[in-house]
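Welcome, and thanks for opening the viewer. Let us walk through this structure together, one selection at a time.

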Amino acid sequence: MSQYLVLIYEDEAAYATGDAALFQRVMEAHGKFGAENKDALRGGEALQPTSTATSIRGGVVTDGAFAETKEALGGYYLIEAADLDAALAIAKQVPAEFGGVEVRPLMVFDQQ
Amino acid sequence: MTGADSRGAGPQADGAPERLADAVAEAVADAHRREWGFVLAATARVTRDLNLAEECVQDAYAKALTAWAESGVPERPAAWLTTTARNRAVDLLRREATLRSRLPLLVDDAPEPEHDIPDERLRLIFTCCHPALALDAQVALTLRLLCGLTTAEVARAFLVSEPTMAARITRAKKKIAGAGIPYRVPDSEDLPQRVEAALTVVDLVFTTGHTAPRGADLVRADLVDRALGLARMLRILLPGDAGVAGLLAYILLTDARRATRVDAEGRLVLLKDQDRTLWNRDAIAEGRALVREALRRRPPTRFALRAAIAAVHDEAPSWEETDWREIVGLYDVLLRYHPSPVAALNRAVALSFSEGAEAGLAALDELALEPQLASYGYVGAARGDMLARLGRRDEARAAYEEALLFTENEVEREFLAAHVAEL
């Protein structure tokens, strides 16, 4: 088994302008995803929008996220799966109607 | 990686008559051409690491040169090579196991039966053609791991430098291991999509060989033959798949005209001027039977339709007797189910022969804004031909000149330049 981080990138504007019904629909979708994949889930959180981000590079603190892009990292799930195909099968179910997800295997350090 | 590139440099049988050595070398080369993918796929199942599997298979082929000279070529060379490669792998893994616990670099499920060596090539195909790899990496891995081409050969085939190709292959192998791309046949749910990806890879190998994008030769026979070999392999492994049947038919029916596509001096010969008596009738007969089978599936697959179009050309007794209405009709179906700008361009050309050059030009005009065709040399060539047929010489010359800008194959360039000069 390997662990994969599923990074959710979406258009923040869609949420900034969305109404309560949208918020509820998305929450329900995530609730459903979580219930259906609880065996594989190892963690996951939603992030505050990039307007709250602070970046540090070379010791210099600046306002904002690293890259200003249309689709921003908005949350993640940590999942455990047998292989990439199994991970992709789960990642396809992650709600991301205003963007998409990126699947990254976690680094495994060789234990001598 | 360099170790795997040293094939063919194995030891010669000491003191053996030259003829025997030649026969053995021939048998090893033949087994290399036919069985590499089988042996590697079966070995990778044991090593769970593609690099190590390659090394062991390499080693087995080198051993075969001496062993077969001493005790004769075995009845089943693939089984001999696989057993030898696997023994080597087990040996190396045992030695290494005492040094550190090895992480499996290839993930698979189901254990395999011990008594016989199963055909694992499907696993290897689906790993090489995984959509999580870039398409050029899929192609490179397929040629290298399934066909046994060296990095240098793959680099030459795609006219890139060897270090570039080596880096591409290394990156792809790292992704397979790092991301956990599995070494197994996908679930039935994913299978159609994944077979499609494998067909795309084989088609790309064929297309690159059929009309080389660059270079001095129109046809790269080595690549065409590899594509045909891969399509035949898929046909054996997935006998019921209509997409596979369509692809094999398409390659056979298109490549049947290979011998007549250039003249004795290597100059381009258009379909209308080709000597049809020299077309490969066996390939056409085999392809036609496959097309009929492939077209039974609804909706028809993209390759079945492309094969059907090739079949109409192959069956026409002469250029004048070509059934262009049938071809346009087939392109219409192709565009309905599998739309692409290139198919639309080909339809426009067919239309110019069934309805006249004016109709062809009008269809071409509709494609003027297709970004995919913006730097596609065949657009200018098609327009040039249609304009020339209408006697609009100045415009035709300009169109051929535009085509020249986007054409890097020297045989095609020469052909286009001759048209520019004539007009």
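Start by selecting B:Thr277, which is exposed because it has 7 other C-beta atoms within 10 Å. (A residue is buried if 20 or more other C-beta atoms lie within 10 Å of its own, exposed if 12 or fewer, and partly exposed in between, with C-beta atoms placed from the backbone.) B:Thr277 lies in the loop between helix 10 and helix 11 of chain B. Helices (H or I, at least four residues) and strands (E, at least two) are DSSP runs, numbered from the N terminus. Now add B:His130: its C-alpha atom and that of B:Thr277 are separated by 41 Å, and the two residues are 147 apart along the chain.

A word on what you are viewing: this is a predicted model, in which local features need pLDDT of at least 70 and side-chain atom pairs count only at pLDDT 80 or more, while totals for chains, interfaces and linings use all residues. Residues are numbered from 1 along each chain as its sequence is written, and chains are lettered from A and ligands numbered from 1 in the order in which they are written.

**The helices on either side of the loop**

Next, select residues 242-255 and 281-294 of chain B, which are helix 10 and helix 11; they pack at an angle of about 150°, with their axes 8 Å apart. That angle makes helix 10 of chain B roughly antiparallel to helix 11 of chain B. (Angles under 35 degrees count as roughly parallel, over 145 as roughly antiparallel, 65 to 115 as roughly perpendicular and the rest as oblique; axes are lines fitted to C-alpha atoms, for helices over the stretch in contact, and angles run from 0 to 180 degrees between N-to-C directions.)

Which residues of helix 10 of chain B meet helix 11 of chain B? Among them are B:Ala242, B:Leu248 and B:Leu252, while the helix 11 side includes B:Ile284, B:Leu290 and B:Val291. The residues of this contact divide into 11 nonpolar, 2 polar and 3 charged. (Ala, Val, Leu, Ile, Met, Phe, Trp, Tyr, Cys and Pro count as nonpolar, Asp, Glu, Lys and Arg as charged, and the others, Gly among them, as polar.)

**Across to chain A**

Now show both chains: 11 residues of chain B are in contact with 9 residues of chain A. (Two residues are in contact if their C-beta atoms, placed from the backbone, lie within 7 Å.) The side of chain B that touches chain A has 7 nonpolar, 2 polar and 2 charged residues.

Hide chain B and colour chain A by secondary structure, which comes to 3 helices and 6 strands. Along the sequence, chain A follows the pattern β-α-α-β-β-β-β-α-β.

**The sheet**

Look for the open sheet of 4 strands in chain A, in the order 2-5-1-6 with antiparallel pairing. Strand 2 and strand 6 (99-105) of chain A stand at the edges with a single partner strand each, so one side of each is left without a neighbour in the sheet. (Two strands pair if DSSP finds at least two bridges between them.)

Select strand 1 (residues 2-11) and strand 5 (residues 71-81) of chain A, an antiparallel pair with 10 bridges. Here A:Ile8 stands opposite A:Gly75. On to strand 2 (residues 41-46) of chain A, which pairs with strand 5 over 5 bridges; A:Leu41 stands opposite A:Ile79. Strand 1 of chain A is joined to strand 6 of chain A by 7 bridges, with A:Leu7 opposite A:Glu102.

For the last stop, select residues 84-91 of chain A: this is helix 3, which lies across strand 1, strand 5 and strand 6 of chain A and runs at about 130° to strand 5.
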